[in-house]
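The exercises below are meant to be worked with the sequence and the coordinates side by side. Each task is followed by a solution that goes step by step.

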Amino acid sequence: MTSRVPLEFTTGPDPVATIILIHGLGASGETFRPVAQALDLSAVGAVRFVLPNAPLRSVSVCGGERMPAWYDLLDQNFVVREDEAGLKEAAAYFTQLIDREIERGMVPERIVIGGFSQGGAMSLMTGLRYSRPLAGIADLSGYLPLAPATGRERTVASRATPIFMGHGTRDGIVPLALADTARRHLAGWGYDITWRTYPMDHTIIEAEIRDLNIWLSDVLKPTTL
């Protein structure tokens, strides 16, 4: 995938964990900087944040307008018709980002992949197919793309990866029902899910950031040998 260079920053020297945060449609990696900076993970240690930037592409549901997007949206009901090729291309890119963190010395069990809307969908698609367990997958206002294929393609290793799912009860872009369907699929496959809903639209609010912070602190808590 042709994509702009990810934004990166660390909360201190010698990071002990990596969090990859993936933005939604029409946004950029910079969108997630305030969320990342609002997290207090001092109990975990220094964290490297990786905030990727989507390439420009035509988006069908937006009349073909070109905008930052990880894949095309072919229908207002996102799971009726899906851009399988675009989804797979994006998942390959995020897999490369995880692999790069491992090459930099981070073990996969200290890597979280998460995102908002399209970013949440891509976090699930990528993390469930990754060959080794990750520290966690965070899906904020997203859904599960290519669900039937995911049932076949998810790895045994990913069963050990905990999942955070947060969604707005008033979300008119990605309806709560889509997220709940994803949750039921994941629960049926045996994943450990933390599920939270909020009285909000298609956005992120402070209460969700607080819950995400608690979950991240837990899945990234220091371990003793």
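**Exercise 1. A loop residue and its backbone**

Is Asp14 buried or exposed, judged by its relative accessible area? Then locate Asp14 in the fold and examine its phi angle.

Solution. The model is a predicted one, and the values below are computed from it. Step one is the location: Asp14 belongs to the loop that connects strand S1 (4–10) with S2. Step two is the accessibility: the relative accessible area of Asp14 is 68%, and because exposed means over 50%, Asp14 is classed as exposed. Step three is the backbone: phi of Asp14 is near 55 degrees, which is a positive value in a residue other than glycine. As background, most residues other than glycine have a negative phi.

**Exercise 2. A second positive phi**

Carry out the analysis for Leu146, and state where Leu146 lies and whether it is buried or exposed.

Solution. Leu146 sits in the loop between S7 and H4, and its phi is near 45 degrees, again a positive value in a residue other than glycine. The relative accessible area of Leu146 is 10%, and since buried means under 20%, Leu146 counts as buried.

**Exercise 3. The surroundings of a loop serine**

Determine the location of Ser141, its accessibility, and which residues it is in contact with once its neighbours within four places in sequence are left aside.

Solution. Ser141 is placed in the loop between S7 and helix H4 (147–153). With a relative accessibility of 0%, Ser141 counts as buried. Leaving aside neighbours within four places in sequence, the contacts of Ser141 include Phe116 and Ser117, then Gly166, His167, Asp171 and Val174, and finally Met200, His202 and Thr203.

**Exercise 4. Strands S2 and S6**

Describe how strand S6 is covered, which way its residues point, and which strands it is joined to by bridges; then extend the description through S2.

Solution. Begin with S6, which covers residues 111–116 and is mostly covered, six of its six residues being buried. Ile111, Ile113 and Gly115 point one way from this strand, while Val112, Gly114 and Phe116 point the other way, and all are buried.

Next, follow the pairing. S6 is joined by five bridges to strand S7 (residues 136–140), the two running parallel, and here Phe116 stands opposite Leu140. Five bridges also join S6 to strand S2 (residues 17–22), again in a parallel arrangement, with Ile113 as the bridge partner of Ile20.

Then turn to S2 itself, where six of six residues are likewise buried: Ala17, Ile19 and Leu21 point one way, and Thr18, Ile20 and Ile22 point the other way. Four bridges connect S2 to strand S3 (residues 47–53), and these two strands run parallel. Ile20 stands opposite Val50 in S3, while Ile113 is its bridge partner in S6.

**Exercise 5. Two isoleucines and their spacing**

For Ile193 and Ile214, state the element each is found in, and relate a separation in sequence to a separation between C-alpha atoms.

Solution. Ile193 is found in strand S9 (residues 193–198). Its C-alpha atom is 5.9 Å from that of Phe164, although the two residues are 29 apart along the chain. Beyond the neighbours within four places in sequence, Ile193 is in contact with Ile163, Met165, Arg183, Leu186 and Ala187.

Ile214 is found in helix H6 (residues 206–219) and counts as exposed, at 61% relative accessibility. Ile214 and Arg196 are separated by 18 residues in sequence and by 12 Å from C-alpha to C-alpha.

**Exercise 6. The chain as a whole**

What is the secondary structure of the protein, and how does its radius of gyration compare with the globule rule? Add the burial, contact, surface and charge figures.

Solution. The secondary structure comprises six helices and nine strands. The radius of gyration is 16 Å, close to the 17 Å that the globule rule gives for 225 residues, so the protein is as compact as a globular protein of that length. Along the principal axes, the C-alpha trace spans about 50 × 35 × 35 Å.

For burial, 53% of the 225 residues count as buried. Among contacts between residues at least 6 apart in sequence, 73% join residues at least 24 apart. The protein exposes about 9700 Å², of which carbon and sulfur atoms supply 53%. Finally, there are 21 positive and 25 negative side chains, and the centres of the two sets lie 3 Å apart.

Key:
Residues numbered from 1 in each chain as written. Predicted model: local features only at pLDDT ≥ 70, side-chain atom pairs only at ≥ 80, totals over all residues. Heavy atoms only, no water. Rg over C-alpha atoms; globule rule 2.2 N^0.38 Å. Buried < 20%, exposed > 50% of the residue type's maximum accessible area, 1.4 Å probe, protein only. Contact = heavy atoms within 4.5 Å. Areas by Shrake-Rupley, 256 points an atom, 1.4 Å probe, with all protein chains shown as cover. Lys, Arg positive; Asp, Glu negative; His and termini not counted. Charge placed at Lys NZ, Arg CZ, Asp CG, Glu CD. Pairing = 2+ DSSP bridges.
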